Amino acid sequence: MKILVTGGLGFIGSHTVVELQNEGFEVVIIDDCSNSSEEVLKGITAISGKTPIFEKIDLKEKESVSDFFKRHDDIQGVIHFAASKAVGESVEKPLLYYENNIATLVYLLKELSNKDNSNFIFSSSCTVYGQADKMPITEDAPVKPAESPYGNTKQIGEEIIRETCKVTDGLNAIALRYFNPMGAHPSAEIGELPIGVPQNLVPFITQTGVGLRQELSVFGDDYPTSDGTCVRDYIYVVDLAKAHVQALQRLLERKNSENYEVFNLGTGKGSSVLEVIHSFENVSGEKLNYKIVDRRAGDITEAYADTTKANEVLGWKAQYSLDEAMKSAWDWEQKIRSQS
Ligand SMILES: NC(=O)c1ccc[n+]([C@@H]2O[C@H](COP(=O)([O-])OP(=O)(O)OC[C@H]3O[C@@H](n4cnc5c(N)ncnc54)[C@H](O)[C@@H]3O)[C@@H](O)[C@H]2O)c1
């Protein structure tokens with residue numbers, strides 16, 4: 001079965017390609033390498049012994065998308081990761097984000113709407129909940145006004161898919177709301193490759209650990225949490241990748257109860273920034289250079305998932321601990337720095 005993975009050279013996409021190939025799917029990747037490189041194909045091949053088909057296409061080019069589907073009319077499912085994801089940049093350049101995250105989604109859905117049968121998985125985010133009123137967060141928690149154009153593209157993206165599914169027989173879709181993805185493949189062949197200053201906590205920690213950054217700033221220790229620092233739900237990227245395979249299989253086997261469904265993907269456990277730092281110190285044996293600074297505008301206090309729906313309906317559960325995920329991130333960081 002042929003599956004299209006957009007953004008398949010990126011962080012979560014590449015791990016998902018590995019899991020799909022391990023399950024016997026034939027994978028075609030579309031990526032424009034705007035936030036990744038063709039080198040990632042080597043890592044995927046080294047792990048799974050198979051090289052996916054790769055087409056370097058910018059999904060903003062509508063004609064290229066159309067042409068792709070003409071040439072691959074046997075695609076059975078699409079997992080759509082391709083998007084721009086830097087929250088700060090989205091505030092500076094909102095139109096870039098609306099074009100890259102929304103226009104591309106529309107072009108893909110237009111192609112899929114022309115087919116008798118299509119299955120679509122969308123990368124959404126827990127940012128849609130903002131600061132939820134209740135922890136852990138269930139899928140029916142209200143969607144809060146977005147804090148950034150990036151966050152807004154996830155909310156609008158979900159709406160577009162939901163409304164398209166309503167009027168399109170044969171289109172089945174699942175939106176997966178990720179909490180905080182982290183880590184790398186245990187082989188250290190693929191992992192997160194942030195360009196410039198990392199936006200996420202874990203690569204910032206490992207880059208500080210390896211000496212690439214001098215110091216980690218912890219934004220605020222006066223939040224109403226156990227140790228005063230912000231709490232998030234860190235989900236290992238390999239666990240996350242496996243959830244995509246389960247979601248795809250659910251659609252392919254027509255086990256979905258509605259033609260548009262939403263699932264939270266997290267561990268169900270919140271970890272504070274200091275707990276994540278201690279996990280790093282524990283697995284690496286290194287002391288991390290960090291300091292507490294003032295709160296940062298826009299940060300919420302806490303977010304962790306109620307994973308009951310994913311556990312019971314999707315049949316998926318995160319398997320790896322924070323320390324295991326952290327160890328993989330540290331191994332990856334050391335490997336890439338030893339090569340550069
Ligand atoms: N990493 C996170 O913390 C996180 C959290 C929640 C949701 N998400 C979402 O998950 C998805 C994947 O995230 P990631 O962390 O793997 O990001 P990533 O940047 O590593 O991967 C995205 C990939 O898409 C490609 N891409 C971007 N625009 C493209 C275009 N116009 N045409 C073709 N390819 C394009 C990039 O080159 C990159 O390889 C994104 O939609 C992101 O918004 C990520």
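A residue is taken as buried when its relative accessible area is under 20%. By this criterion Ser118, at 2% relative accessibility, counts as buried in the predicted model described here. Ser118 belongs to strand β5. Beyond its neighbours within four places in sequence, Ser118 is in contact with Leu112, Gly170, Leu171 and Asn172. One of these contacts, Leu171, is also a member of a nonpolar core of 25 residues.

The largest nonpolar core comprises 59 residues, and Leu20 and Leu265 have the most contacts inside it. Helix α8, spanning residues 237-252, makes the greatest contribution to this core, with eight residues. The core of 25 residues lies apart from it and includes Ile30, Phe69, Leu171 and Val262. For Leu20, the residues touched are Ile3, Val5, Phe25, Val27, Ile79, Val245 and Leu248, when residues up to four places away in sequence are not counted.

Helix α3 covers residues 62-71, and within this helix Val65, Ser66, Phe68 and Phe69 are buried. These four residues lie on the same side of α3 because they cover an arc of only 155 degrees around the axis. The exposed residues Glu63 and Lys70 are carried on the face of α3 turned away from the buried side. Cover for the buried residues of α3 is provided by elements including the strands β1 (2-6), β2 (26-31), β3 (53-56) and β4 (75-80), together with helix α5 (94-113). Phe69, one of the buried residues of α3, is also among the members of the 25-residue core.

Three backbone features were noted in loops. Met135 and Pro136 are joined by a cis peptide bond, with omega at about -15 degrees. Pro136 is placed in the loop between β5 and α6. Ala188, in the loop between β7 (180-182) and α7, has a positive phi, near 60 degrees, although the residue is not glycine. The relative accessible area of Ala188 is 8%, so this residue is buried. A positive phi, near 55 degrees, is also found for Arg254, again a residue other than glycine. Arg254 occurs in the loop between α8 and β11 (260-265). With a relative accessibility of 37%, Arg254 is classed as partly exposed.

A search of the whole structure returned two cavities of 30 Å³ or more. The largest cavity contains about 60 Å³ of space. Its lining is formed by Gly183, Glu192, Val202, Pro203, Thr206, Ala329, Trp332 and Glu333. Helices α7 (201-209) and α11 are the elements that give two or more residues to this lining. Divided by class, the lining of the largest cavity has four nonpolar, two polar and two charged residues.

The second largest cavity has a volume of about 50 Å³. The residues lining the second largest cavity are His80, Phe81, Ala82, Ala83, Asn101, Phe122, Ser123, Thr153 and Lys154. Two or more of these lining residues are supplied by each of β5 (118-125) and α6 (149-167). By class, the lining of the second largest cavity consists of four nonpolar residues, four polar residues and one charged residue. Strand β5 thus appears both in this lining and as the element that holds the buried Ser118.

Among the open spaces, the second largest pocket holds about 260 Å³. Sixteen residues line this pocket, and those nearest its centre are Glu39, Val40, Glu189, Leu193 and Trp332. Helices α2 (40-48) and α11 (322-339) each provide at least two residues of the pocket lining. The largest share, four residues, comes from α11. The lining of the second largest pocket is made up of six nonpolar, six polar and four charged residues. Trp332 takes part in the lining of this pocket and also in that of the largest cavity. Helix α11 likewise contributes to the linings of both the pocket and the largest cavity.

Notes
Residues numbered from 1 in each chain as written. Predicted model: local features only at pLDDT ≥ 70, side-chain atom pairs only at ≥ 80, totals over all residues. Heavy atoms only, no water. 1 Å grid on protein atoms, 1.4 Å probe; cavity = no way out; pocket = protein on both sides within 12 Å on 5 of 7 lines; lining within 4 Å. Points joined across faces, edges and corners; volume = space filled by probe spheres on them. Nonpolar A, V, L, I, M, F, W, Y, C, P; charged D, E, K, R; others polar. Core = buried A, V, L, I, M, F, W, Y, C linked by side-chain atoms within 4.5 Å. Buried < 20%, exposed > 50% of the residue type's maximum accessible area, 1.4 Å probe, protein only. Contact = heavy atoms within 4.5 Å. Arc of directions from axis to C-beta.
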